[in-house]
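Please examine the sequence and the three-dimensional model shown below. The paragraphs that follow lead through a pocket, a sheet and two helices in turn.

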Amino acid sequence: MLDVTARAIEGLLFAADRPLSIEEICDLTGSGADTVTQAIGRIRASLEDEGHAMILQEAAGTWRMVSDPAIGATVAQLYEERRPGRLSRAAVETLAVIAYNQPCTRAAIEAIRGVNCDSAVKSLLERSLIRICGRQETPGRPLTYSTTEGFLNYFGLDDIDHLPRRREIEELIGTEGAADGADLFSN
């Protein structure tokens, strides 16, 4: 059985509608960072050891309680109607270009993709998967874009450095597809 601190943190992570940082959990429980980190470890171990349907997931320096991916298809049936629309192929390509080349201007995205990306950038901004992060110090000072914490959470990444590397992508899509994906890394 979990101790009082671990139970309180488990309750916070279960009830939260967004991932919580260690600092937020410290503020809500009045505990120090070491205590919270150790309690999260006990909760994770307890959920795993006892075979629960929930797991703790760390992404972008935050924690959240999610259903075990092994039962994801079963749980997803509850949310069929609330599922947000899928990203278009253009949006996924634009997001990949930004993720691997950030900060990135619209012109750089279009140079890599070879097509206009206005609609895809707008869609990604509306979904908070990218943000305007500044301006490039070149004539015209174009806006630059980068990925957000929402991007990391969406893909379950702890850090942008955890994106698959070129070699890993080539292995996944094979030699033929790798030639198409090579432009992604050209910036």
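Which element supplies the largest share of the lining of the second largest pocket? The model considered here is a predicted one. In this model, strand β3 provides that largest share, with four residues of the lining. Strand β3 spans residues 62-67, and helix α1, residues 4-15, likewise supplies at least two lining residues. The full set that lines the second largest pocket consists of L13, F14, A16, D17, R18, P19, W63, R64, M65 and V66. Sorted by class, seven of these residues are nonpolar and three are charged, while no polar residue takes part. The volume of this second largest pocket is about 190 Å³.

Strand β3 also leads to the sheet. Three strands form an open sheet in the order β1-β3-β2, and their pairing is antiparallel. The edge strands are β1 (20-21) and β2 (54-59), each of which pairs on one side only. Between β1 and β3 there are two bridges, and S21 stands opposite T62 of β3. Between β2 and β3, which also run antiparallel, there are six bridges. Here A59 is the residue that stands opposite T62 in β3. The hairpin made by β2 and β3 has two residues between the strands, and A60 adopts a positive phi near 55° in this hairpin.

Attention may now turn to the helices, beginning with a single residue. Is S46, a residue of helix α3 (residues 33-49), buried or exposed? S46 counts as buried because its relative accessibility is 16%, and the cut-off for a buried residue is under 20%. When neighbours within four places in sequence are left aside, S46 is in contact with L2 and H52.

Helix α5 offers a broader view of packing. This helix comprises 13 residues, 89-101, and reaches 18 Å from its first C-alpha to its last, close to the 18 Å expected at 1.5 Å a residue. Which residues of α5 are buried? They are A91, T94, L95, V97, I98, A99 and N101. An α-helix has 3.6 residues a turn, so residues three or four places apart point the same way. Among the buried positions of α5 are A91, T94 and L95, as well as V97 and I98. The buried residues of α5 pack against both helices and strands: the helical partners are α6 (106-113), α7 (118-126) and α8 (149-155), and the strand partners are β4 (104-105), β5 (130-135) and β6 (143-147).

Notes. Residues are numbered from 1 along each chain as its sequence is written. This is a predicted model: local features need pLDDT of at least 70, side-chain atom pairs count only at pLDDT 80 or more; totals for chains, interfaces and linings use all residues. Side-chain values use heavy atoms; hydrogens and water are left out. The expected span of a helix is 1.5 Å times one less than its number of residues. Buried means under 20% relative accessible area, exposed over 50%, partly exposed in between (1.4 Å probe, protein chains only). Contact means heavy atoms within 4.5 Å. On a 1 Å grid over the protein atoms alone, a cavity is a set of points where a 1.4 Å probe fits but cannot get out, and a pocket is an open set with protein on both sides within 12 Å along at least five of seven lines; lining residues have an atom within 4 Å of a point. Grid points are joined across faces, edges and corners, and a volume is the space filled by probe spheres set on the points. Ala, Val, Leu, Ile, Met, Phe, Trp, Tyr, Cys and Pro count as nonpolar, Asp, Glu, Lys and Arg as charged, and the others, Gly among them, as polar. Two strands pair if DSSP finds at least two bridges between them.
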